[in-house]
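Visitor: I have a structure open and would like to learn how to read it. Could you walk me through a few features?
Guide: Gladly, let's take them one at a time.

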Amino acid sequence: MIEPLQKGAELLADIRDSAVPSGQWRMWWLGQSGFLIKWEERYCLLDPYLSDSLTKKYASTDKPHIRMTELVLAPEMLDCIDVVSSSHNHTDHLDAETLKPLRRVNPDLAMVIPEANRSFVAERLQCDFAWPNGLSDGMQHEVRGFRFVGIPAAHEALEVDEFGRHRFMGYIIRFGDWTFYHSGDTLLYEGMVDRLKPWSVDVALLPINGRDPARRVAGNLNGRQAARLAKDIGARLVVPCHYDMFTFNTASPESFVADCNKLNQPHCVMKNGEGLDSMSLPA
């Protein structure tokens, strides 16, 4: 099993004690599509999966979810979170075993979800129906200084509910002078670049595990597509994710790195539990 760069108490100390200069940020990869951003002593947690719920759920099936990388830390250790997101209803992006403990230790926690998923989220988390902040295409919501903007995602299609609201979303996240794009799970779709390019993205967080019908799960961008998308939207930096979690649904970042290099696209391949500072971004 892959050992995180940092985990447990060591990672928590880095998260809580790292000195982040005013106006700057620090970010950690927590595995799969989970990232934690620290800015102005505020914490934004994106799509965390910090349990073994899927491994347990599928253990006796023909689609076992065998964990590849050790858990970086237990969710109840993160008692400093201001806002958490879920991009869609799949358990590695909306995990009750992660989010319920997180809510218990963060009484003022805010949550951002696709509006189309409100009923599902309330049922899974056993929370008040009105508690999450729901977004649809182009809608914005600011919480604790983090402004989320809804960007549709195609996992594998641009699926909408009966009101035309997208069930799979990505988010532009703006805070201070910075703009992040967390795509959630997505393939490329027509008009995607045109939606994203005007935002002048500083950091794009993109999946690279690709699409293989033999896996019997919805697909994502592969490494080459993620590199190309980052280049086309003008991202200052792209960070790959959604790999090295489950043995049946992963990919090597090698092709991603190779294509970023061909395109002269700045990139950073992180290890689970690793931190990245805003000062590391290219000019």
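Guide: Let's begin with a term: contact means heavy atoms within 4.5 Å. Keep in mind that this is a predicted model.

Visitor: Which residues does Gln6 touch, not counting residues up to four places away in sequence?

Guide: Gln6 touches Leu11, Asp14, Trp28, Val72, Asn272 and Gly273, with residues up to four places away left out. You will find Gln6 in the segment before α1 (8–17).

Visitor: Is Gln6 buried or exposed?

Guide: Buried means under 20% relative accessible area. Gln6 has 12% relative accessibility, so Gln6 counts as buried.

Visitor: What joins the side chains of Gln6 and Asp14?

Guide: A polar contact of 2.9 Å links those two side chains, Gln6 and Asp14. The side chain of Gln6 also has a polar atom 2.9 Å from the backbone oxygen of Gly273.

Visitor: Now for pockets. How is empty space found?

Guide: Rolling a probe the size of a water molecule over the atoms shows where empty space is left. Here the largest pocket has a volume of about 320 Å³. It is lined by 20 residues, and the closest to its centre are His65, His90, Thr91, Asp92 and Val217. The lining of the largest pocket comprises six nonpolar, nine polar and five charged residues.

Visitor: And how do strands β7 and β8 run?

Guide: Strands β7 (residues 140–143) and β8 (residues 146–152) run antiparallel, joined by four bridges. Gln140 stands opposite Val149 in β8. The two strands, β7 and β8, form a hairpin with two residues between them, and Arg144 in the turn has a positive phi of about 55°.

Conventions
Residues numbered from 1 in each chain as written. Predicted model: local features only at pLDDT ≥ 70, side-chain atom pairs only at ≥ 80, totals over all residues. Heavy atoms only, no water. Buried < 20%, exposed > 50% of the residue type's maximum accessible area, 1.4 Å probe, protein only. Polar contact = N/O pair within 3.5 Å; in protein donor to acceptor, adjacent residues only side chain to side chain. 1 Å grid on protein atoms, 1.4 Å probe; cavity = no way out; pocket = protein on both sides within 12 Å on 5 of 7 lines; lining within 4 Å. Points joined across faces, edges and corners; volume = space filled by probe spheres on them. Nonpolar A, V, L, I, M, F, W, Y, C, P; charged D, E, K, R; others polar. Pairing = 2+ DSSP bridges.
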